[in-house]
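User: I'd like to learn how to read a model like this one, feature by feature. Could you walk me through it?

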Amino acid sequence: MTPSPLDFGSQITELSLSIEGSDVPLETWSCQPSASWVTVTPDSGTGNGQTKVTVERSGLAPGVHTAEIAVTTNLGNRTVEISLTVLGGTGLTGQIAFASNRNGDFDIHLMNVADKSVEALVTNVGDDVNPTWSPQGVLAFASNRGENFDIYQAGSSVPLISTSQDENYPSWSPDGEKLAFMREELGLDEEGATGMRWNLYVYAFAGGQETRLNNSQKIYWTQHPDKSGDMIEFHLGPVRPAWSPDSSKLYVACYRKVAGVANIADELLEFIVSDPTANVRGVDVNSGIGFSNDSFADVAPDGDRLAVACDPRVSVIDLDGQPVDPILPVGSDNGAAPTWTADGEHIAYAPLLDGRRDIYVIDTSMTATNTGMAYQRVQLTDDAAEDRTPVWKPAQ
Ligand SMILES: [Ca+2]
Ligand SMILES: [Ca+2]
Ligand SMILES: [Ca+2]
């Protein structure tokens, strides 16, 4: 019988087992595993044969587990030893900052993803929310410890960005030089109505200059040039702006109405950072995938795709709005705030499941081509409190 013992290590779930007579031909054989986590298929046969041994690690505690397969043949009986390892912890690496109200008001916490250990990073009075990392691992976030929401850097009690308006949803550029954020201001739209509007700003650390990316202009679609036109209503959503990896573009969800076009819809807009008055481009995500003007997005490290939180799932789309993978694990919503790891292999997100928001990680290799697979997601938080907006700390 080869091979024996069967060692599944920490990752392997299936191995072949050859059952053959040595000198005399084998006539009949059957296999009986000693543990319920071992399956042999087929478990009996005639003549020399090969069978498939699979193991199921879920439900097993971390550590080494052993079992046996009793093989009964017309030539006598043998025992095949089985061993496997169940890794402690999540099997993932890295650190995630997230906001949680588990200790009362919202604070920023840092999780070591391998063992899910959590330490509090920012614990001021008031809500500390929406963390973002610089490439060097400096944390920024929004807090209402003052009169209203301002943007702070961890370790400083003086706000980085502060006016009498709410500043929120900071997003550090990948080149480290800028911080995009949203500011809520009284605005006038082209129909004459006034109301509080979220506007997109970019703060440059060199010189401390703020630039508003204009929000009353023309929209165009690369996919549908005929739909392009003047905006008559255009409300950016309360979302974290998403940077392109080269720090040249920003993506923000909006509610929009276009002159001459009957429909009103939510859309993801592409802004050119170097040209604040340029016409914005619609990514065309309004194609029945549940996108909303409060959907967080994050650009993949390849710069070609976005993960967007859409009720009831996180969708991966290309930059023309075409779904690449519309069926990442269900149980999401617009607040799920997906974020990619730097290697693009995992997405952390915070779906609302059974009335509780917790942070999970999914393997991005589980794409639409794997519709038959049971999606495996690793649950990182398990707390009745609201755990949200995970962001991976850049490796140092
Ligand atoms: Ca707090
Ligand atoms: Ca403020
Ligand atoms: Ca929770």
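**Reading the strands and cores**

Analyst: Gladly. Let's begin with one strand: strand S22, residues 249–258, is mostly covered, with seven of its ten residues buried. Keep in mind throughout that this is a predicted model.

User: Which strands are joined to S22 by bridges, and how many bridges are there in each case?

Analyst: The general idea comes before the case. Strands of a sheet pair through backbone hydrogen bonds, either parallel or antiparallel. Here, strand S23 (residues 264–272) runs antiparallel to S22 and is joined to it by nine bridges. Strand S20 (residues 229–236) is also antiparallel to S22, with five bridges between them. Strand S21, residues 242–243, has two bridges to S22, again antiparallel.

User: Which residues stand opposite each other in these pairings?

Analyst: Arg 256 is a good residue to follow. On the S20 side, Phe 234 stands opposite Arg 256; in S23, the bridge partner of Arg 256 is Ala 265. For S21, look at Ala 242, which stands opposite Tyr 251 of S22.

User: How many residues lie between S21 and S22 in their hairpin?

Analyst: Five residues lie between the two strands of that hairpin. In the turn, Ser 247 has a positive phi of about 65 degrees.

User: Now to the interior. Which residues touch the most other members of the largest nonpolar core?

Analyst: In soluble globular proteins, nonpolar side chains tend to be buried together. In this model the largest nonpolar core has 76 residues, and Leu 250, Tyr 251, Val 252 and Val 308 touch the most other members. S22 supplies the largest share of this core, six residues. Another core lies apart from it, with 14 residues, among them Leu 6, Phe 8, Leu 17 and Val 38.

User: What is Tyr 251 in contact with, leaving aside its neighbours within four places in sequence?

Analyst: Its contacts include Pro 241 and Ala 242, then Leu 268, Leu 269 and Glu 270. Further along the chain, Tyr 251 is also in contact with Val 283, Ala 297, Val 299 and Leu 306.

User: Let's step back. How is the protein chain divided into domains, and how far apart do their C-alpha centres lie?

Analyst: There are two: domain 1 covers 6–86 and domain 2 covers 95–392. Their C-alpha centres lie 49 Å apart. The C-alpha atoms of the protein chain fill a box of roughly 95 × 50 × 35 Å along the principal axes. As for secondary structure, the chain has 35 strands and zero helices. Of its 396 residues, 36% are buried.

User: How should I read a sheet order such as S2-S6-S4?

Analyst: Read it as the succession of strands across the sheet. This one is an open sheet of three strands with antiparallel pairing. Strand S2 (14–19) and strand S4 (38–41) are the edge strands, each pairing on one side only. From one strand to the next, the twist averages 30 degrees. Four bridges join S4 to strand S6, residues 49–55, and Thr 41 stands opposite Lys 52 in S6.

User: What is the pairing in the sheet S1-S8-S7-S3-S5?

Analyst: That five-stranded open sheet has mixed pairing. Its edge strands are strand S1 (6–7) and strand S5 (44–46). S1 runs parallel to strand S8 (residues 76–86), with two bridges between them. In S8, Ile 82 is the bridge partner of Leu 6.

User: Finally, why does Ser 365 count as exposed?

Analyst: Count the C-beta neighbours: Ser 365 counts as exposed because it has 11 of them inside 10 Å, and 12 or fewer is the limit for exposed. Ser 365 sits in the loop between strand S33 (360–363) and strand S34 (377–379). Its C-alpha atom is 8.1 Å from that of His 346, 19 residues away in sequence.

User: And where is Ala 154 found?

Analyst: Ala 154 is in the loop between strand S14 (150–153) and strand S15 (166–172). With 17 other C-beta atoms within 10 Å, Ala 154 is partly exposed. Beyond its neighbours within four places in sequence, Ala 154 is in contact with Leu 121, Val 122, Val 138 and Leu 139. By contrast, the C-alpha atoms of Ala 154 and Asp 43 are separated by 60 Å.

Definitions and conventions: Residues are numbered from 1 along each chain as its sequence is written. Chains are lettered from A and ligands numbered from 1 in the order in which they are written. This is a predicted model: local features need pLDDT of at least 70, side-chain atom pairs count only at pLDDT 80 or more; totals for chains, interfaces and linings use all residues. Domain bounds come from an automatic or database domain assignment. Two strands pair if DSSP finds at least two bridges between them. Axes are lines fitted to C-alpha atoms, for helices over the stretch in contact, and angles run from 0 to 180 degrees between N-to-C directions. A residue is buried if 20 or more other C-beta atoms lie within 10 Å of its own, exposed if 12 or fewer, and partly exposed in between; C-beta atoms are placed from the backbone. A nonpolar core is a set of buried Ala, Val, Leu, Ile, Met, Phe, Trp, Tyr and Cys residues joined through C-beta atoms within 7 Å. Two residues are in contact if their C-beta atoms, placed from the backbone, lie within 7 Å.
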